[in-house]
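Please open the model in your viewer and keep the sequence beside it. The tour below moves from the whole molecule to a single residue.

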Amino acid sequence: MAGYWVAATVRGGGVATSALDMMCEWAFQTLDLSAIVLYTLIGNRASERVAEKAGFRATEVLVDYRHAAIPDVGVQATRWAIHRPGS
């Protein structure tokens, strides 16, 4: 699973997309993963754009997504996936 958080002072400059691109390339080559997934909160357009620009595709909308950081609160989220090139 992938995740990212960018300091407010550098948001909008492509930092998250570049980092996500590099992480995916490394993970596919080094770990031999077939796919990588990430989740964005519904309405977090900046995070959705990072996923799109990095080549991820929305695969599912979850209406009661629960994350380990806040297990007692369900939120709406989108599941995104990218597959290893050539697979």
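Begin with a surface view of the whole protein, which exposes about 5,800 Å², with carbon and sulfur atoms supplying 57% of that area; accessible areas come from the Shrake-Rupley method with a 1.4 Å probe, and for residues only the protein chains shown count as cover. This is a predicted model, in which local features need pLDDT of at least 70 and side-chain atom pairs count only at pLDDT 80 or more, while totals for chains, interfaces and linings use all residues. Residues are numbered from 1 along each chain as its sequence is written, and side-chain values use heavy atoms, with hydrogens and water left out.

Next, switch to a cartoon, where 2 helices and 3 strands appear in the order α-β-α-β-β along the sequence; helices (H or I, at least four residues) and strands (E, at least two) are DSSP runs, numbered from the N terminus. The C-alpha atoms fill a box of roughly 35 × 30 × 20 Å, taken along the principal axes.

Now colour the residues by burial, where buried means under 20% relative accessible area, exposed over 50% and partly exposed in between (1.4 Å probe, protein chains only): buried residues make up 29% of the 87 residues.

Finally, select strand 3, residues 70-83, and find Thr 78 within it. Thr 78 counts as buried because its relative accessibility is 7%. Show its surroundings, leaving out residues up to four places away in sequence, and Thr 78 is seen to touch Leu 38, Tyr 39, Thr 40, Ile 42, Ala 58, Glu 60 and Val 61, where contact means heavy atoms within 4.5 Å.
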